[in-house]
Amino acid sequence: MIKGGAGAVFGLGSLEVLRLLGTSSLRQNPADCKATDVSAHDKTFVISNWPLYIDPDSKKNPSTLQTFEQTTGIKVSYTDDVNDNEEFFAKVKNQLGSCQSTQRDMFVLTDWMAARMIDVGWIQPLDPAKVPNLHANIIDSLAKPSWDPQRRYSAPWQSGLTGLAYNKKYLKKPVKAYGELLSRQDLHGKVTMLTELRDTMGLIMLSQGADPANFTDHQWQKAMDAVTKATNDGQIRRFTGNDYVQDLSAGNVLACEAWSGDIANAGDPNLVFVPPEEGLMIWADNMLVPNLATRKSNAEAWINYYYDPVVAARLADYNQYICPVKGAQKAMEKIDPGNVDNPLIFPTPETLATTHRFMALQEYQTREYERQFSDVTGV
Amino acid sequence: MARPGRNRYTGYLLLAPGALWLAAFFVIPFYSLVSASLFDPNGSVLTGYKMTFHVANFATVIRVYHSELFRSLWYAGLATLICLVIGYVLAYAIAFKGGRWRNLLLVLVIAPFFTSFLLRTLSWKLILSDHGFVVSTLQNLHLIGSNQHLLNTWFAVVAGIVYNFLPFMVLPLYASLEKIDGRLVEAANDLYASPFTAFFKVTWPLSLPGVVAGTLLTFIPSAGDYINQTLLGSPGGRMVGNVIQSLFTTTQDYAGAGALSVILMVVIIGLVLVYIRKAGTEELI
């Protein structure tokens, strides 16, 4: 009797405890989650960026980061701990969603994730007077994104293209079209694609004749069916983040979806980047100052510094990604004449005409699409 | 008079650190997990999830992810069996034939732990790579086709699990084998038992506690493992751990991730109970 009673009390008590649990909204107001700026006496700056995204220190030529530290006296703590937008979101959402500090003054995220974070109020507006270079020098194609039309909250770090790559040591017949990744029998089990939904699904839709910037549910489903079939058949070996380069270099993968700068940076002359016949996806990664960042002025000094054409040209010369700064092409003449006409850094209007952006998704679409995509990719 | 009182409280005091630890890191997360499994699936991380006792979550995830669940149990079972075969032979050799090298051999079993788990798993990518020694040898022997590969297949995943969890099998097996009185086997031989009969009638039954402990220590973590599948597997061969991880971090479907975790837990507890019953070793756990 007593035992049964205790069990019932325990059971009912547990149900009551469960009822209290739940998660609250993560929306914040940046005006209420603002820290006092201590930049004046705290000459430090903490940034999280993607791997292989900044010129390394070398004995002969100081890196752009070293020059920044020397000219401003600000000590930079640079960490390359952003490997995936969703993963980084998961890492900071508890702090930012409850108005707590992430201990970072800046992080760098891709357009759609930057848009989402600005939308939920996690990002501090920049002071236009402190980033004059940004507003004077940003290239026209990046100046007015729909989600931040005046670049009040964000500044592109680099922009880039998503296309194809292959290893010419192991693959004698080059890939030309993205559709070949899904159809060519000699590539069976030797293909990787990226875990970025917008890149991968965008390119598949392009190969099926749909427009990634404006597609219907039916077109999405058709692209989803194609990638599901290729995955189940074993045509696609894996979906990857930045780590596809090692597999491509080792010959485990013969051809893959790739980011333009990675291939140029890999240091393996056998790797070739190919703009697919169907067109390329274009994106930008954006510098953002999160709520409660205590050294916002230092962060703004950093943005202003990297929008100097000479600095931007030095960075792009290493990165091989699209440089977001006007005048950098001219500055490149002195730094590395070989890269002045590099279409991956300074794409011509003709190249830009073949690039595509992914449609802005409603929150409910994002969830449904991401669920379907992650059920296939396994990440 | 103070003595019995002091003794009474000493027991609770000694229990306190462990109890606090369990409360903080088991009981509270457990309630949070069960409540997540009953969240209203229409919520989202950004807008918040409401706890509505939405039991249908369980049916939904079983319908969508039952094949991943079965695959996990199958991989974990296969890996446990392979671990048992390899581990038993190894533990037996160390316990009975190790002689003065015993301790050194035991250290060698644990030695891989001195390197990070992640690095050891990544090194399997090199061993099994498409142009590596193993694959090209197997191809030359025509054991696998010239177009086939091992990396990113179920084979690589099971191999990775076996490798990573083998010490958890070997150590309990060794502990129970080492305690066996050698004279019992001698007695069996004296009574005209063949070496096989002596093994199956004497050694094997006496080593059962180690077998049960070893298989549990291997099976339970490998059923929930997702690192081996992430690094060595293919997207078509996901295990349930991968699904839970991606539901939680990528899709941020807390309701689905919670429901699937609860199901995995219940299934494993159920299997373990049946197993212990069958093995007849309740008193050993």
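Good morning. I begin inside chain A, with strand E5, which covers residues 191-194. Val191(A) and Met193(A) point one way from this strand, while Thr192(A) and Leu194(A) point the other way. All four of these residues are buried. Please bear in mind throughout that the model is a predicted one.

Which strands pair with E5(A)? One partner is strand E6 of chain A, residues 236-240, which runs parallel to E5(A) and is joined to it by four bridges. Strand E7 of chain A, residues 255-259, also pairs with E5(A) in the parallel sense, here over two bridges. Val191(A) takes part in both pairings: its bridge partner in E6(A) is Ile236(A), and in E7(A) it stands opposite Ala255(A). Val191(A) is thus a useful residue to select on the screen, with Ile236(A) and Ala255(A) as its partners.

I now step back to the domains of chain A. The assignment gives two entries, each written as a pair of segments. Domain 1 comprises 44-157 and 284-337, and domain 2 comprises 160-282 and 359-377. The centres of the two domains, taken over C-alpha atoms, are separated by 27 Å. Where the domains meet, ten residues of domain 1 of chain A are in contact with ten residues of domain 2 of chain A. On the domain 1 side of this meeting, the classes are five nonpolar residues, four polar and one charged.

Let us turn to chain B. How many helices and strands does chain B have? There are eleven helices and zero strands, and read along the sequence the pattern is accordingly α-α-α-α-α-α-α-α-α-α-α. The C-alpha trace of chain B spans about 80 × 75 × 35 Å along its principal axes. Chain B has 285 residues, of which 34% count as buried. As for its contacts between residues at least 6 apart in sequence, 70% join residues at least 24 apart.

Finally, I come to the interface between the chains. Here 31 residues of chain B are in contact with 36 residues of chain A. Which elements of chain B give two or more residues to the side that touches chain A? They are helix H1, residues 2-37, and helix H10, residues 240-249. H1(B) supplies the largest share of that side, with four residues. By class, the side of chain B that touches chain A has 17 polar residues, ten nonpolar and four charged.

That concludes the presentation. Thank you for your attention.

Technical notes. Residues are numbered from 1 along each chain as its sequence is written. Chains are lettered from A and ligands numbered from 1 in the order in which they are written. This is a predicted model: local features need pLDDT of at least 70, side-chain atom pairs count only at pLDDT 80 or more; totals for chains, interfaces and linings use all residues. A residue is buried if 20 or more other C-beta atoms lie within 10 Å of its own, exposed if 12 or fewer, and partly exposed in between; C-beta atoms are placed from the backbone. Two strands pair if DSSP finds at least two bridges between them. Two residues are in contact if their C-beta atoms, placed from the backbone, lie within 7 Å. Domain bounds come from an automatic or database domain assignment. Ala, Val, Leu, Ile, Met, Phe, Trp, Tyr, Cys and Pro count as nonpolar, Asp, Glu, Lys and Arg as charged, and the others, Gly among them, as polar.
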